[in-house]
Every structure is written in structure tokens, then in C-alpha cells.
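Hi,

Here is the structure I promised to pass on, with my notes underneath. Please have it open while you read.

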Amino acid sequence: MSLVLARIDQRLIHGIVVTQWAGATQAKRLMVVDDEVSKDEVQKSAMRMSKPVGTGMSIIDTETAIKNFNAGKYDSHNVFMIVREPSTLVKLAEGGVKIPKVNIGIIFDGEGKTTVKKMVSVNEEEVNDLKKLQSMGIPVTFHFVPSEAEEPLETYIK
């Protein structure tokens with residue numbers, strides 16, 4: 001099956017991901033793709049403690065993810081991927097990773113950002129990256145928890 005869903009969530013592995021999204025996606029592997037976190041043993045250890053029993057977890061950098069997906073390493077897995085930034089998904093897609101859908105969960109507010117929806121604030125670069133993903137034929141939706149309705153990107157970002 002391989003990658004079943006990619007989620008942008010700046011909290012990465014947390015309660016909603018573990019208790020709701022892992023089950024909703026029937027994930028057998030949770031995958032965090034982040035160039036900084038993949039080098040931080042403390043954060044990696046904390047995230048691994050929260051993974052559901054019977055679920056694998058990978059916390060890897062972007063290049064390793066591209067290499068592993070292209071080599072077919074996850075072909076027999078249901079992988080639920082979590083990233084912090086839309087730009088990571090653009091790099092993955094440009095590197096040949098087949099992303100079936102992007103789910104926008106949580107993008108924190110900050111300098112130069114505009115709040116477009118509860119829990120989602122974006123800057124110009126993030127907007128461009130989200131639109132680029134969509135132009136690559138990858139559906140991009142806002143979807144905080146599985147029980148809520150999905151909303152297309154255009155609902156909040158024109």
C-alpha cells in the first residue's frame with residue numbers, strides 16, 4: 001500500500017495523531033519526515049514512547065525518505081506521514097514520492113503569517129507550497145480530526 005496520507009502538523013506526533021489519525025488511516029507505520037527532528041535523539045525518544053502498540057515508527061530526514069520510498073522499502077506498509085512544513089512535501093513529491101493526499105492539521109501562527117482557519121496560519125511561502133502540491137495533482141485538504149468534514153484548500157486559500 002505504501003503512503004496512505006501525509007499530514008502537515010507542527011506538533012508532529014501527539015494525541016490526535018496517535019489516538020485518531022493512526023486508526024483512521026489504518027497505519028502500520030507512523031513516519032515523521034523532518035530534517036531537524038531526525039537528528040534530535042531526545043525528541044525522537046519522546047515520540048517513540050507514544051506510538052501505538054503494533055505500529056512501526058520512522059523519524060527520518062527528507063533525503064532518506066525519498067531514497068527509501070523510491071527503493072520500495074515501505075511498499076508493504078500503510079504509512080501515515082507527518083511533516084511540519086509544506087515545503088517538505090514539495091521536496092518529497094519532486095523526489096518521486098507518490099503522495100495520495102495532503103491533510104493540513106496544525107500550522108502555528110507567527111511573524112508574517114495570516115490565520116486562515118482555527119489552528120492554521122500560513123505565510124506566502126507556505127501558501128505557494130500548498131498550491132504547488134495541488135498543481136502536482138495531489139489533493140490538499142483541511143482536516144483537523146477524522147470525525148470532522150474535510151474542506152478543500154480553496155475554502156480558505158484562494
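Pro 86, Ser 87, Thr 88, Leu 89, Val 90, Leu 92 and Ala 93 are the buried residues of helix α4. The helix spans residues 86-94, and with seven of its nine residues buried it is mostly covered. Do bear in mind that this is a predicted model.

What covers those buried residues? Strands and helices both contribute. Among the strands are β1 (2-9), β2, β4 (78-83) and β5 (102-106), while the helices include α3 (62-70) and α5 (124-135). After α4 comes Gly 96, which has a positive phi, near 105°.

Two other residues have a positive phi without being glycines, and you may want to look at their backbones too.

- Gln 26: phi is about 55°. This residue is found in the loop that links α1 (15-24) and β2 (29-33). Is Gln 26 buried or exposed? Its relative accessible area is 57%, and since anything over 50% counts as exposed, Gln 26 is exposed.
- Met 119: phi is about 75°. Its place is the loop between β6 (114-117) and β7 (120-122). At a relative accessible area of 35%, Met 119 is partly exposed, because that value lies between the 20% limit for buried and the 50% limit for exposed.

Strand β2 turns up twice in these notes: it follows the loop that holds Gln 26, and it is also part of what covers the buried residues of α4.

Best wishes

Key. Residues numbered from 1 in each chain as written. Predicted model: local features only at pLDDT ≥ 70, side-chain atom pairs only at ≥ 80, totals over all residues. Heavy atoms only, no water. Helix = DSSP H or I, 4+ residues; strand = E, 2+ residues; numbered from the N terminus. Buried < 20%, exposed > 50% of the residue type's maximum accessible area, 1.4 Å probe, protein only. Contact = heavy atoms within 4.5 Å.
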